[in-house]
Number of protein chains: 2
Amino acid sequence: MTTSRSTQSVRAVTLERPTPTAARDAIADGLDRKALVTVFGRCTVDYDGRASSQLAAGDRHVMLKPDGAALVHTDEGQQPVNWQPPGCAHDVFCEPASGEGDSEESEEADADGADSPADPDTATNTATLVLESTRSTPEERLLVRFQDVLQVSTFAGTDEGELTLSGTEADLRDRILDDPDLLESGFTPLATERDTPAGAIDIYGEDDAGRTVVVELKRRRVGPDAVSQLRRYVDALERDLHAEATLRGILVAPSVTDRAQRLLGAHGLEFVSLEPTGPD
Amino acid sequence: MTTSRSTQSVRAVTLERPTPTAARDAIADGLDRKALVTVFGRCTVDYDGRASSQLAAGDRHVMLKPDGAALVHTDEGQQPVNWQPPGCAHDVFCEPASGEGDSEESEEADADGADSPADPDTATNTATLVLESTRSTPEERLLVRFQDVLQVSTFAGTDEGELTLSGTEADLRDRILDDPDLLESGFTPLATERDTPAGAIDIYGEDDAGRTVVVELKRRRVGPDAVSQLRRYVDALERDLHAEATLRGILVAPSVTDRAQRLLGAHGLEFVSLEPTGPD
DNA sequence: TTGTAAATGTCGGCT
DNA sequence: AGCCGACGTTTACAA
């Protein structure tokens, strides 16, 4: 068990191969201090809420964030194998032992029961560490049971840094608004996010000949879904304006798939190739 | 600086407040051993690829997975602020110093240059730790520069556990295939994933009266996009079969939004309320 | 709280 | 490697 202190305050505390109760106390302390908590060890994971899942024992990295998010990572994949969104309440406690006879029903009672029979504090060897993250709306629960804890860490940090991102759909939109001729010579944007009964049109405008133009933007190569989306807006606007013949729908993206191309043709929609960021 | 060993092998190694070069060596060793590597400390992050982003200095948790995935987490949010997908090559090295005059152009040359002038090994105080994860198709690069490293850990584990998940669209499909009357009395499923020029139909079948039925399934409450999808399949099948009048399209989901409901009505499509898992 | 669509979406299945 | 759609999608924004 070692701790590390910066010159200002405790910023990282790490326990290696702690007992379940030592792990529990360190984690509880970390959560209290609004620190980011990580636990690495052998565990099972159960989730129940929008769906439900079970995960057999394996070595995983668990992260509990002060905003209530929880992440369970295996050694593979970008996505966590299990998780809980921000807004959850984290709880940590020890259970007497993770025998096979441990009934599901006993969990709930133990979760907040301060007076469990034979307090786990006195049976550290057989006690198992449990992490629980819950929320309502929707009701969801994540339960991580550790057979073995290799490491517990708590991190207290500050992060004021803002992310700047470019190459988004907003950039593509701004590019066209800055220079409407990029879409087509004589195009005039009249509104963005113009609402229809079917949703909001990215760019609403007029062409050279005064025809109404519905523009749908995508930052990357598109498939059939984007064509359907454009068609939906054009349809809705036609119904709304009772102006069938003069409406044009243009999909703007770097490229389209074959099937999307055919769907565009089948519905009299157009395509303009444009990327979110221009050549510098 | 401490290490922890299990009875079988080194499973977790942790350094606290290491020098940049010690951190570099531990991380390089961890990557070599196909371990999961975590680094916590103050860093800046730059990404360039499908989009591009910059993130000013802050305290973050970085995870490098043996499959090539990289994750940068702040203390908020379920999603990483920056990341790199599996399949990337991770690299770790030290740079002479992170002065403001450090030009972007110099990075690439330093990344793999074994013979940098004044090897950073001898200037640990001013050297900065850098993590780099790159891939091709598409060309993408993530660069994490640490001003301060609070902790480096490497974890070697095993994970054979499989995730079982229920409450998915596949469960909803199986529920209907098991008991087609759940959709409507007299419904007969004929195929799943039936292909059309617009995509694959979830369930293709016939109703009581022998009319063709296109069924689109959603595991949760749906909006306009699902209606568009169903419409797309019905349209395509009508064109394919030249059988306009006898086609029915049914959206199956727990519920629909108002707008989706109106779109269904506008296009003569139907809705059946059903959840992926039935009452037990 | 709910609706709507973007996302460096990611992931899996299939061609 | 590209296409296609599901996902416990998550996230941001508007009503």
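Ala, Val, Leu, Ile, Met, Phe, Trp, Tyr, Cys and Pro count here as nonpolar, Asp, Glu, Lys and Arg as charged, and the others, Gly among them, as polar. By these classes, the surface near DNA strand D has nine nonpolar, nine polar and 10 charged residues; a residue is near a strand if one of its heavy atoms lies within 4 Å of it.

## Basis of the model

This is a predicted model, in which local features need pLDDT of at least 70 and side-chain atom pairs count only at pLDDT 80 or more, while totals for chains, interfaces and linings use all residues. Residues are numbered from 1 along each chain as its sequence is written, chains are lettered from A and ligands numbered from 1 in the order in which they are written, and side-chain values use heavy atoms, with hydrogens and water left out.

## Interface between chains A and B

Contact (heavy atoms within 4.5 Å) involves 77 residues of chain B and 77 residues of chain A. The size of an interface is often given as the accessible area lost when the parts come together. For chain B and chain A the buried area is about 6000 Å², with 46% of it on carbon and sulfur atoms; buried area is the accessible area (1.4 Å probe) that two parts lose on being put together, summed over both.

Between chain B and chain A there are 10 salt bridges, each a side-chain nitrogen of Lys or Arg within 4 Å of a carboxyl oxygen of Asp or Glu. One of these links A:Arg60 to B:Asp159, at 2.7 Å from N to O. Polar contacts join 37 residue pairs across the two chains, both residues at pLDDT 80 or more. A polar contact is a pair of N or O atoms within 3.5 Å; within protein, one must be able to donate a hydrogen and the other to accept it, and residues adjacent in sequence count only if both atoms are side-chain atoms. On the side of chain B that touches chain A, strand S4 (residues 52-64) of chain B gives the most, with 11 residues. That side of chain B divides into 24 nonpolar, 30 polar and 23 charged residues.

## Strand pairing across the chains

Helices (H or I, at least four residues) and strands (E, at least two) are DSSP runs, numbered from the N terminus. Two strands pair if DSSP finds at least two bridges between them. Strand S4 (residues 52-64) of chain A and strand S10 (residues 163-166) of chain B run antiparallel and are joined by four bridges. Within this pairing, A:Leu55 has B:Leu163 of S10(B) as its bridge partner.

## DNA strand D

DNA strand D is surrounded by 28 residues, the closest being A:Trp83, A:Gln84, A:Arg221, B:Arg219 and B:Arg220. Sugar or phosphate accounts for 82% of the strand D atoms within 4 Å of the protein, and bases for the rest.

A polar side-chain atom of A:Arg50 is 2.7 Å from a phosphate oxygen of DNA strand D, and a backbone N or O atom of B:Ala198 is 3.4 Å from a phosphate oxygen of that strand. A:Asn82 instead has a side-chain N or O atom 2.8 Å from a base oxygen of DNA strand D.

## DNA strand C

DNA strand C has 27 residues around it; A:Arg219, B:Arg50, B:Trp83, B:Arg221 and B:Thr257 are the closest. Of the strand C atoms within 4 Å of the protein, 86% belong to sugar or phosphate and the rest to bases. The surrounding surface divides into eight nonpolar, nine polar and 10 charged residues, and H4(A) gives the most to it, with three residues.

Phosphate oxygens of DNA strand C lie 2.7 Å from a polar side-chain atom of A:Lys218 and 2.3 Å from a side-chain N or O atom of A:Arg219. In B:Glu140, a side-chain N or O atom is 3.2 Å from a base oxygen of DNA strand C.
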